[in-house]
Amino acid sequence: MKRNIAIIWGVSALMLMTSCVGEQEDIFDESSALRLEHAVSNYNDLLCSATNGWVMQYFARSSECGYPMLVKFSKSGAVEIAAKNKYSSNNVYAQESSLFEIISDNGPVLTFNSYNNLLHIFSTPEDIPGTDDKEEGLGHEGDYEFVLYSVSEDQNTIYMKGKKYGLDILLYRLPETQGWEDYFTQLEAVRDELFNSKVTTLYMTTDKGDFTITGMSTGMFDFVPKGGDAISETVSVGYILTTDKKVSLAVPFTGNDNIFSIRNFTLSEEGILVCTDEGGENAQISAGGEANMVTNTDYKWRMDKNSLEGAFVDAYANVVSGTRAYKSNTTFQYFELSYDASAQKYSLYFKTTRYSGRIYLDVVTEGNTVQFTYNGECDSNGSVFMRDVEAYRTFVDLLTSMKYTMVGNSPLAMVEISMHSVETPENGFVIAL
């Protein structure tokens with residue numbers, strides 16, 4: 001992330017210089033103690049100047065998701081904190097008041113010096129509920145004191161580091177009109193837009209190698225090099241979101257042998273995440289394109305019966321009526337394009353109230369087009385229905401008679417793909433996860 005730092009109030013590096021030449025003047029007008037006093041006062045004034053508070057991008061540790069909090073400081077020494085996460089607020093919005101102070105400790109340090117459950121739960125050395133690990137004596141290993149070291153030129157961002165563990169913690173000035181509880185609702189909407197839980201794998205391309213990413217729904221980026229071993233080569237880094245659709249990692253991801261430094265992403269106009277860091281090697285994150293999504297063996301693409309167009313309308317209706325005519329106590333439910341792991345084949349899966357079956361297909365993709373071919377193979381139920389119900393054969397013949405142009409609903413959270421015939425675009429349908 002490009003920083004434009006104009007004001008640096010941290011004074012740990014500003015040590016009093018003593019000349020070895022008696023007549024040389026001191027280059028500082030103030031003593032180090034007085035400069036530190038002024039820095040503490042300046043930071044206190046800045047923190048309290050945000051009348052609607054700050055967004056705190058809090059990380060307890062790099063291997064854990066980020067926890068956004070809202071904080072508002074008062075000249076009286078009071079601080080109001082709001083959060084919404086599973087550990088400190090049981091996934092409901094909560095606010096709690098406590099105290100803060102800017103203290104001098106080889107530089108200005110922000111300390112939350114009275115207990116506030118929304119923050120201090122992350123620095124309490126107790127076992128974390130709901131995990132397999134034993135964290136007694138460690139807990140989340142988060143900080144509650146932060147070394148203040150710089151401020152952005154517009155004074156809307158404050159840069160801090162955890163005093164004990166050293167993770168970067170940022171404060172962003174919250175807009176005056178932003179409702180506090182609404183902020184967390186908006187964050188959830190951004191998370192769903194960027195990282196839909198149905199899309200379990202994303203792909204990051206860089207100039208120095210490609211990676212798969214999983215774990216997004218848990219607040220993590222689990223990076224694995226393309227073609228690498230998920231057990232031995234996974235690097236897990238927590239992330240945090242902003243309402244303007246930016247993503248920041250707890251620490252930079254450096255790839256294999258520190259080949260780059262990737263930490264901050266923003267959503268582009270094209271709908272992909274683009275790295276904004278210098279040295280980010282043009283990193284971009286997406287779902288990998290329509291062809292990748294359709295052929296991914298983990299996904300099940302159900303055909304939306306309400307999206308059918310052209311010849312597919314009657315063909316589908318005939319399958320519904322043909323199923324009932326063949327088995328009077330059976331109702332057709334849906335078609336699905338998915339991979340059969342047991343047979344290791346791609347298939348058109350069908351489901352009725354009493355039976356299900358698979359009609360195996362060969363799949364060829366080129367760019368954003370796809371062609372299905374029926375090779376005559378089915379599982380046992382598929383063979384029976386293809387033999388005895390003409391409507392099934394007709395539907396498969398129609399499906400495999402065309403090449404389709406695929407258009408996903410989002411390059412990142414691709415949960416729907418429209419398919420229309422290249423030659424006769426009036427024929428088509430939508431599949432959805």
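**View 1. Strands 19 and 20 pair up in the antiparallel sense.** This close-up of a predicted model shows strand 19 (residues 300-303) joined to strand 20 (residues 332-340) over 3 bridges. To find your place along the pair, look for Lys 300, which stands opposite Ser 338 in strand 20. Step back a little and the two strands turn out to belong to a closed barrel of 8 strands, running 19-20-21-22-23-24-25-26 with antiparallel pairing. From one strand to the next, the twist averages 35 degrees.

**View 2. Helix 5 and helix 7 both touch strands of the barrel.** Helix 5 (residues 311-326) lies across strand 20, strand 21 (345-352), strand 24 (403-408) and strand 26 (428-432). Its direction is at about 110 degrees to strand 20. Helix 7 packs on the sheet too, and its list of partners takes in strand 19, strand 20, strand 21, strand 22 (356-366), strand 23 (369-378), strand 24 and strand 26. Measure up helix 7 against strand 21 and the two directions make about 140 degrees.

**View 3. Helix 6 meets helix 7.** Here helix 6 (residues 380-388) and helix 7 (residues 390-399) have axes that come within 5 Å and cross at roughly 100 degrees. That crossing makes helix 6 roughly perpendicular to helix 7. On the helix 6 side, the contact is made by Phe 385, Met 386, Arg 387 and Asp 388, while helix 7 brings in Glu 390, Tyr 392, Arg 393 and Val 396. Sorted by type, the contact residues come out as 4 nonpolar and 4 charged, with no polar ones.

**View 4. Phe 350 and Tyr 392 form an aromatic pair.** The structure holds 38 aromatic pairs, and this is one of them. The ring centres sit 5.1 Å apart and the planes are at 70 degrees, so the pair counts as edge-to-face. Phe 350 comes from strand 21 and Tyr 392 from helix 7, 42 residues apart, so the pair links distant parts of the chain. Both Phe 350 and Tyr 392 are buried.

**View 5. Strand 13 is covered on both faces.** All told, 6 of the 6 residues in strand 13 (residues 220-225) are buried. One side carries Met 220, Asp 222 and Val 224, and the other carries Phe 221, Phe 223 and Pro 225. Strand 13 has antiparallel partners in strand 12 (residues 211-214), joined to it by 4 bridges, and in strand 14 (residues 235-241), also over 4 bridges. Thr 212 stands opposite Val 224, and Phe 223 stands opposite Val 235 in strand 14. Strand 12 and strand 13 form a hairpin with 5 residues between them, and Gly 215 in the turn has a positive phi of about 85 degrees.

**View 6. Val 247 is buried in its surroundings.** Val 247 lies in strand 15 (residues 246-253) and has a relative accessible area of 1%. Leaving aside residues up to four places away in sequence, Val 247 touches Leu 194, Phe 195, Phe 221, Tyr 239, Ile 240, Leu 241, Arg 263, Asn 264, Phe 265 and Leu 273. Take Phe 265 from that list: Val 247 and Phe 265 are 18 residues apart in sequence, yet 5.0 Å apart in space, C-alpha to C-alpha. Another name on the list, Phe 221, turned up in the previous view as a buried residue of strand 13.

Key: Residues are numbered from 1 along each chain as its sequence is written. This is a predicted model: local features need pLDDT of at least 70, side-chain atom pairs count only at pLDDT 80 or more; totals for chains, interfaces and linings use all residues. Side-chain values use heavy atoms; hydrogens and water are left out. Axes are lines fitted to C-alpha atoms, for helices over the stretch in contact, and angles run from 0 to 180 degrees between N-to-C directions. Angles under 35 degrees count as roughly parallel, over 145 as roughly antiparallel, 65 to 115 as roughly perpendicular and the rest as oblique. Contact means heavy atoms within 4.5 Å. Ala, Val, Leu, Ile, Met, Phe, Trp, Tyr, Cys and Pro count as nonpolar, Asp, Glu, Lys and Arg as charged, and the others, Gly among them, as polar. Two strands pair if DSSP finds at least two bridges between them. Buried means under 20% relative accessible area, exposed over 50%, partly exposed in between (1.4 Å probe, protein chains only). Rings of Phe, Tyr and Trp (its six-membered ring) pair if their centres lie within 6.5 Å; planes under 30 degrees apart count as stacked, over 60 as edge-to-face and the rest as tilted.
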